[in-house]
Amino acid sequence: MSEQQEQAKREHILATIQAEQVQFVNLEFTDVVGMAKCVTIPVEQFPDCLTLGKWFDGSAIEGFARIVESDMYLFPDLDTFAILPGKVRPQGELAQPSSYQPIDAYDEDAVARIICDVRTPNGERFDGDPRARLIDALQIAESMGYTFLVAPELEFFLLHLDGNTPSPLPHDRGGYFDLSTDLASTVRRQMVKALQQMHISIEASHHEVAAGQHELDLEVGHALGIADALVTAKYVLKAIAAQHNLYATFLPKPMYGVSGSGLHTHQQLMYTATGQNAFVDAQGEYGLSEIGGYFIAGQLAHARGMCAILAPLVNSYKRLVPGYEAPVFINWGRVNREALIRVPRPNANPQLSARIELRCCDPSCNPYLALAVMLRAGLDGIQRKLPLPAAMDESLFLRDENERLRHSFLLPATLGEALEGLREDTLIRDTLGESIYEGFLEAKDIEWLEYRKQVHAWELDRYLSVF
């Protein structure tokens, strides 16, 4: 962006703030695990913030920075300015849980949000900022002549909370793509409208397989903008759900025996110079170019190393099990929906539609880190010209155990296994940078150890009366 363009955008934002009578601005960023954080400033402070940044104590955020790196500054990215919809600023007491009625009272103060880059006192990007790690990966792609576009499918559950126990809405028994007129479909439309007001484009929304499960498909876009949109979407969806006394959860597997929630991510590499799709070769098998094959091979090669970033919770591995169209094996194909990577059939315009879909990612991940490791893994395949193994378009679960293992390696089955895979992968470590790598491993090692120490209800039900 030229200096003139930046100045014009700054003036436009300040004019919008005045016209919309904005009173406060949320300066947003994320921590290592992807939780949205913000520093809220009165609007009068915003012009100075654009030039000087806003100080905050980075060491106060777990795993973000060491005490010696405590002084951090937030510098707004002008492209991310948006005014929060009224329904994202609830005020007052909620209605009774049984009524499912939206609230009419909202905070009257107009609030804007802008996503920030985290910098050190000398003005350099802080290497512990997850957004900076994605920017670095995108710059590597740009140096190779590529632009990275993605289109994620965000799955989630809308639940009624009875105390602390989640359950689907009593009247939501819809299935995949079911047309319904219940409250859930109304809430989903309000979610789409709120996101559109924040300049987040939604291509489609629909009911998913399980009762209470829904999906929003984001329109394809530049990876950085999509990562920003995913962070925003998660808190916007929770806020809209709360207006109806519901809880939107992005937990990968909130209930036993039903499908889990994924974040299937469609990916494209475009040649920056021409705008052409680097994955397309009309003469290639599956219509896939050599570059596309190398990119898939890179992601397969680093699948175990990046799994802890893409599926970062203990609970994530309750989703990655046989029987629910979630990947268990490290393989690829076109029609096999149990494959880790799928190459969907393009439509009449392959330049726009040709893509690959990574299926192990779930919505609890930090989208900046997830997209960064996906990209670096694929680029590594291109740089090293990794050979693409044979496609697997038949379900491996139809074969016996020995044959399955001969044809495919396994994804990690637990968070503990995924963390070991991360430790062994030097490329993924380099992608994360030392600050995030160390902070993430420390946090997740504690989480995994705490889980292992617990005695779970299943163990007592299964063993206590026998042993």
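The following dialogue examines how several labels attached to this predicted model are justified.

Biologist: What makes the contact between D117 and R131 a salt bridge?

Modeller: A salt bridge requires a side-chain nitrogen of Lys or Arg within 4 Å of a carboxyl oxygen of Asp or Glu. The side chains of D117 and R131 meet at 2.7 Å, N to O, and the label therefore applies under the 4 Å limit. The pair links distant parts of the chain, with D117 in strand 6 (residues 110-119) and R131 in helix 3 (residues 130-143), 14 residues apart. Both D117 and R131 are buried.

Biologist: Which residues are linked with R131 in a network of salt bridges?

Modeller: The network comprises D77, D117, R131 and D228. Between R131 and D228, the closest N and O atoms are 2.8 Å apart. That pair also links distant parts of the chain: R131 belongs to helix 3 and D228 to helix 5 (residues 223-242), 97 residues apart. D228 is buried, as is R131. In total, the structure holds 17 salt bridges.

Biologist: Why is R423 called partly exposed?

Modeller: The term covers values between the buried limit of 20% and the exposed limit of 50%. R423 has a relative accessibility of 33% and therefore counts as partly exposed. E420, with a relative accessible area of 40%, is partly exposed because its value also lies between those limits.

Biologist: How do you know that R423 and E420 form a salt bridge?

Modeller: Their closest N and O atoms are 3.2 Å apart, which means that the 4 Å criterion is met. Both residues lie in helix 12, three residues apart, about one turn of the helix. An α-helix has 3.6 residues a turn, so residues three or four places apart point the same way.

Biologist: Which residues of helix 12 are buried, and what do they pack against?

Modeller: In helix 12 (residues 415-424), the buried residues are L415, G416, A418, L419, G421 and L422. These pack against helix 7 (303-310), helix 8 (316-319) and helix 13 (426-453).

Biologist: How do you know that the length of helix 6 agrees with the expected span?

Modeller: Helix 6 (residues 290-301) has 12 residues, and at 1.5 Å a residue it should span 16 Å; its end C-alpha atoms are 16 Å apart, so the two values agree.

Biologist: What makes helix 6 mostly covered?

Modeller: Of its 12 residues, 10 are buried. The buried set consists of I291, G292, G293, Y294, F295, I296, A297, G298, Q299 and L300.

Biologist: Why are strand 9 and strand 10 said to pair?

Modeller: Pairing requires at least two bridges. Strand 9 (residues 202-207) and strand 10 (residues 213-218) have five, in the antiparallel sense, and the requirement is therefore satisfied. H207 stands opposite H214 in strand 10. The two strands form a hairpin with five residues between them, and G212 in the turn has a positive phi of about 85°.

Biologist: What makes strand 13 a partner of strand 7 and of strand 17?

Modeller: Nine bridges join strand 7 (residues 146-162) to strand 13, and three join strand 13 to strand 17 (residues 356-358). Both pairings therefore meet the minimum of two bridges. Strand 13 runs antiparallel to strand 7 and antiparallel to strand 17. L154 stands opposite L263 in strand 13, while Q267 stands opposite I356 in strand 17. Strand 13 (residues 263-271) is mostly covered, with eight of its nine residues buried.

How values were computed. Residues are numbered from 1 along each chain as its sequence is written. This is a predicted model: local features need pLDDT of at least 70, side-chain atom pairs count only at pLDDT 80 or more; totals for chains, interfaces and linings use all residues. Side-chain values use heavy atoms; hydrogens and water are left out. Helices (H or I, at least four residues) and strands (E, at least two) are DSSP runs, numbered from the N terminus. The expected span of a helix is 1.5 Å times one less than its number of residues. Buried means under 20% relative accessible area, exposed over 50%, partly exposed in between (1.4 Å probe, protein chains only). Contact means heavy atoms within 4.5 Å.
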